[in-house]
Amino acid sequence: MQITQNAVAILNYTLKDEEGEIIDESKEGSFAYLHGANNIIKGLEAALEGKQAGDNVQVVVQPEDAYGDTDPEAIAVVGRDMFPEGTELEVGMGFHAESNTGQPMEVMITSIDGDEIVVDGNHPLAGEVLHFDVTVVDVREASAEEIEHGHVHGEGGHQH
Ligand code: ZN
């Protein structure tokens with residue numbers, strides 16, 4: 001069957017950045033998603049529409065169809081005193097923080113210069129052009145429960 005609304009697709013994929021570096025890779029047949037339920041980025045979902053088992057899809061996804069552009073407002077320089085006392089700060093560490101509007105957000109330390117710590121609340125792949133190489137392993141119909149939950153159950157999906 002073809003990948004359409006409410007189909008479950010099992011994929012193998014490799015994700016590379018503009019420089020050809022591998023950012024992410026699926027293990028053998030371990031990634032499943034529910035088509036049409038915003039489980040995966042828009043640009044990839046659109047490219048997979050109508051595909052079937054055995055198809056290979058290579059697609060370049062621009063930031064607007066992936067994780068969006070980098071928002072400079074989500075980057076801030078803060079002092080060490082903003083962190084819990086005694087925390088050994090390192091580039092790449094993630095913290096829970098609050099945005100200006102009080103929304104909980106995930107931030108990551110992107111640089112440390114003395115007491116000036118740069119934290120970035122953008123998605124790590126914001127602003128990136130993504131190069132996907134995808135092979136469709138299997139396509140099946142979703143169960144009523146999966147459609148209701150908006151995600152895949154069992155292998156490659158939610159275990160609950
Ligand atoms: Zn569920």
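## Exercises on a zinc site, two pockets and selected residues

Histidine 160 is exposed, its relative accessible area being 65% (exposed is over 50%, buried under 20% and partly exposed in between, for a 1.4 Å probe and protein chains only). The model is predicted, so local features require pLDDT of at least 70 and side-chain atom pairs pLDDT of 80 or more, whereas totals for chains, interfaces and linings use all residues. Residues are numbered from 1 along each chain as its sequence is written, and side-chain values use heavy atoms, without hydrogens and water.

### Exercise 1: the zinc site

Identify the protein donors of the zinc ion and explain why their arrangement is tetrahedral.

*Solution.*

Step 1. The donors are His149 through ND1, and His151, His153 and His160 through NE2. Their distances from the zinc ion run from 1.9 to 2.1 Å. A donor is an N, O or S atom within 2.8 Å of the metal (3.2 Å for Na, K and Ca); water is not among the atoms, so a site may look incomplete.

Step 2. Along the chain, the spacing of the donors of the zinc ion reads H-x1-H-x1-H-x6-H.

Step 3. The four donor atoms subtend angles of 95 to 123° around the zinc ion, and the arrangement is therefore tetrahedral (four donors, all angles between 85 and 135 degrees).

Step 4. Histidine 151 has a relative accessible area of 16% and is therefore buried, whereas histidine 160 reaches 65% and is exposed.

### Exercise 2: the overall fold

State the secondary structure of the protein and decide whether the chain is a compact globule or more spread out.

*Solution.*

Step 1. The protein has two helices and nine strands, which are DSSP runs numbered from the N terminus (helices H or I, at least four residues; strands E, at least two). Their order along the sequence is β-β-β-α-β-β-β-β-β-β-α.

Step 2. The radius of gyration of the protein is 19 Å, well over the 15 Å that the globule rule gives for 160 residues, so the protein is more spread out than a compact globule. The radius is taken over C-alpha atoms, and the rule is 2.2 Å times the number of residues to the power 0.38.

Step 3. The C-alpha trace spans about 55 × 35 × 25 Å along its principal axes. Of the 160 residues, 34% count as buried.

### Exercise 3: the two pockets

Describe the lining of the largest pocket and that of the second largest pocket by position, element and class.

*Solution.*

Step 1. The largest pocket holds about 380 Å³ of space. It is lined by 17 residues, of which Ala76, Ala97, Glu98, Val107 and Val119 are the closest to its centre. A pocket is an open set of points on a 1 Å grid over the protein atoms alone, where a 1.4 Å probe fits and protein lies on both sides within 12 Å along at least five of seven lines; lining residues have an atom within 4 Å of a point.

Step 2. Strands E5 (75-79), E6 (94-98) and E7 (104-113) each contribute at least two residues to the lining of the largest pocket. E6 gives the largest share, four residues.

Step 3. By class, the lining of the largest pocket has 11 nonpolar, four polar and two charged residues.

Step 4. The second largest pocket holds about 210 Å³ of space. Among its 14 lining residues, Tyr13, Asp24, Phe31, Tyr67 and Phe132 are the closest to its centre.

Step 5. Strands E1 (7-16), E2 (22-25) and E9 (130-141) give two or more residues to the lining of the second largest pocket, with the largest share, three residues, from E1. This lining comprises 12 nonpolar, one polar and one charged residues.

### Exercise 4: selected residues

Place lysine 16, valine 57, asparagine 6 and asparagine 38 in the chain.

*Solution.*

Step 1. Lysine 16 belongs to strand E1 and is partly exposed at 35% relative accessibility. Its C-alpha lies 5.0 Å from that of histidine 131, although 115 residues separate the two in sequence.

Step 2. Valine 57 sits in strand E4 (residues 56-61) and is buried at 7% relative accessibility. Valine 57 and leucine 44 are 13 residues apart in sequence and 9.4 Å apart from C-alpha to C-alpha.

Step 3. Most residues other than glycine have a negative phi. Asparagine 6, in the segment before E1, has a positive phi near 70° and is partly exposed at 29% relative accessibility.

Step 4. Asparagine 38 has a positive phi near 55°. This residue lies in the loop between strand E3 (31-34) and helix H1 (42-48) and is exposed, with a relative accessible area of 69%.

Methods. Tetrahedral: all angles 85-135°; square planar, octahedral: opposite > 155°, others 65-115°. Points joined across faces, edges and corners; volume = space filled by probe spheres on them. Nonpolar A, V, L, I, M, F, W, Y, C, P; charged D, E, K, R; others polar.
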